[in-house]
Amino acid sequence: MRKVALITGVTGQDGAYLAELLLDKGYEVHGIRRRSSLFNTARIDHLFHDIHETGLPFFLHYGDMTDSSSLTRIIQKVQPDEIYNLAAQSHVAVSFEEPEYTANSDALGALRVLEAIRILGLEKKTRFYQASTSELYGLVQEIPQKETTPFYPRSPYAVAKLYAYWITVNYREAYGIYACNGILFNHESPVRGETFVTRKITRALARIKLGLQECLFLGNMDSLRDWGHAKDYVEMQWLMLQQENPEDFVIATGVQYSVRDFVNVAANELGITIRWEGNGIDEKGYDSTGKCIVSVDPRYFRPTEVETLLGDASKARIKLGWVPKISFNELVSEMVREDLKSAERDELVKRHGYQANNYHE
Ligand code: NDP
Ligand code: GDR
């Protein structure tokens, strides 16, 4: 009998990598997508289309984290052995603009899934993974951060995720559900959302290189993050649900870079060397011809910032044998390569007199 998994947030970065991993492992995979006025399945189309072509056991259901009835109905129908709760309004800056919606989807959404497991009597059958985050550490109390480091959330997103973290622990303790938190530090990939800083950088620099964009505008360049590759991190999400007992784990690389470092490494991949001048809101980056290609825009500053994050994933290494395989430089290189390919496509379109895809944030 093959195992059945349900992924909320299957159309997102992690959802796409996890769906692939679970299908490779022989699972029947179900995903929840929400209705949108445009197609929102680009990251999983290769799997979805395969249903007709190769018969991959991959199924999508319409639902929403703010709608218990849809979640309960899907869980009842699918009877999953494992649920990966990845769906969230996951953008920290946006959470300051939409705090109530963020709480509804990210905090209460997790509760709704856990309640569905309980109401449907699946406590002994269904294992639950909660996508927790290094943002819980916020104003950091200890460097590096590990499972025992106290939390101090610094955004509506992080506060909502704090609720989700604790409700997961509570349902484990109260009802014996196999439920665990993966406290994941930032992880990226070529399919990372375009408004997160890494993808924004690789996409913009590739476009600047090809003359499709003039300048990359960024917020806090001193921010320090521990960046890994999403492909490595979804493997860990699966591993956490395969143990004898449910536990919470930090997942991180243990290496830290600033946003500025990321820009330098990405630019280097494209053969661009950046000369930096000024600091704070006056900081600018120039290419070798003296053209300004990076500039700070205070619009991207956050009301409260998380200045530094660095994870200690020793517990995962010792208990689960997990170590990240893809290095920071390999990650940046892959992201730049893929964004250069799409910039080249846009450049071709432009060269033939058509309007190239021009939006950027
Ligand atoms: P993405 O933003 O790429 O994906 C989020 C997913 O959630 C998308 O499928 C999105 O749908 C879906 N979603 C959002 N709101 C709702 C809703 N109300 N109902 C149903 N689905 C919804 O995030 P990632 O893949 O990067 O991250 C996965 C999870 O891990 C998130 O919970 C995130 O907060 C958390 N996390 C991420 C980290 C990272 O560095 N990537 C680090 C730590 C935690 P749609 O495609 O339609 O927008
Ligand atoms: P983060 O990721 O907030 O860590 O949350 P993001 O890439 O948005 O920001 C990282 C750091 O870069 C600074 N920054 C900018 N950020 C964005 N988005 N755009 C800019 O122009 C910019 N300039 C500087 C930010 O201020 C910040 O310090 C991500 C999300 O995936 C969360 O869902 C997840 O929980 C955490 O990672 C771990």
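Modeller: Ala, Val, Leu, Ile, Met, Phe, Trp, Tyr, Cys and Pro count here as nonpolar, Asp, Glu, Lys and Arg as charged, and the others, Gly among them, as polar. The structure to which this is applied is a predicted model.

Colleague: How, then, do the residues of the shell around ligand 1 divide by class?

Modeller: That shell has 7 nonpolar, 15 polar and 3 charged residues. Gly-9, Gly-12, Asp-14, Ala-88 and Ala-131 come nearest among the 25 residues around ligand 1. Helix H1 (13-24) and strand S5 (127-133) are the elements that each give two or more residues to the shell, and H1 gives the most, with 3 residues.

Colleague: Which residues are closest to ligand 2?

Modeller: Ser-90, Thr-133, Val-197, Gly-219 and Ser-223 are the closest of the 23 residues that surround ligand 2. Two or more residues come from each of helix H5 (92-97) and helix H8 (197-209); the largest share, 3 residues, is that of H8. By class, the shell around ligand 2 contains 9 nonpolar, 9 polar and 5 charged residues.

Colleague: From which domains does the shell around ligand 2 draw at least three residues?

Modeller: Domain 1 (4-189 + 226-256) and domain 2 (197-224 + 257-307 + 328-352) each supply at least three residues to the shell around ligand 2. The C-alpha centres of the two domains lie 29 Å apart. In the contact between them, 12 residues of domain 1 meet 11 residues of domain 2. H5 gives the most to the side of domain 1 that touches domain 2, with 3 residues, and that side divides into 5 nonpolar, 4 polar and 3 charged residues.

Colleague: How should one read the interior, and which residues have the most contacts inside the largest nonpolar core?

Modeller: A nonpolar core is a set of buried residues joined through C-beta atoms within 7 Å. The largest has 69 residues, and Ile-7, Ala-19, Val-113, Leu-114, Phe-128 and Ile-251 have the most contacts inside it. Helix H7 (residues 156-175) gives the most to this core, with 9 residues. A second, separate core of 24 residues includes Ile-208, Val-296, Leu-331 and Ala-343.

Colleague: What does Ile-251 touch, leaving aside residues up to four places away in sequence?

Modeller: Its contacts are Gly-182, Ile-183, Leu-184, Phe-185, Tyr-233, Met-236, Ala-313 and Ala-316.

Colleague: Which residues of helix H9 are buried, and why do they lie on the same side of H9?

Modeller: In H9 (residues 230-240), the buried residues are Ala-230, Tyr-233, Val-234, Met-236, Gln-237 and Met-240. They lie on the same side of H9 because they cover an arc of only 155 degrees around the axis.

Conventions:
Residues are numbered from 1 along each chain as its sequence is written. Chains are lettered from A and ligands numbered from 1 in the order in which they are written. This is a predicted model: local features need pLDDT of at least 70, side-chain atom pairs count only at pLDDT 80 or more; totals for chains, interfaces and linings use all residues. A residue is near a molecule or strand if its C-beta atom, placed from the backbone, lies within 6 Å of it. Helices (H or I, at least four residues) and strands (E, at least two) are DSSP runs, numbered from the N terminus. Domain bounds come from an automatic or database domain assignment. A residue is buried if 20 or more other C-beta atoms lie within 10 Å of its own, exposed if 12 or fewer, and partly exposed in between; C-beta atoms are placed from the backbone. The arc is that of the directions from the helix axis to the C-beta atoms. Two residues are in contact if their C-beta atoms, placed from the backbone, lie within 7 Å.
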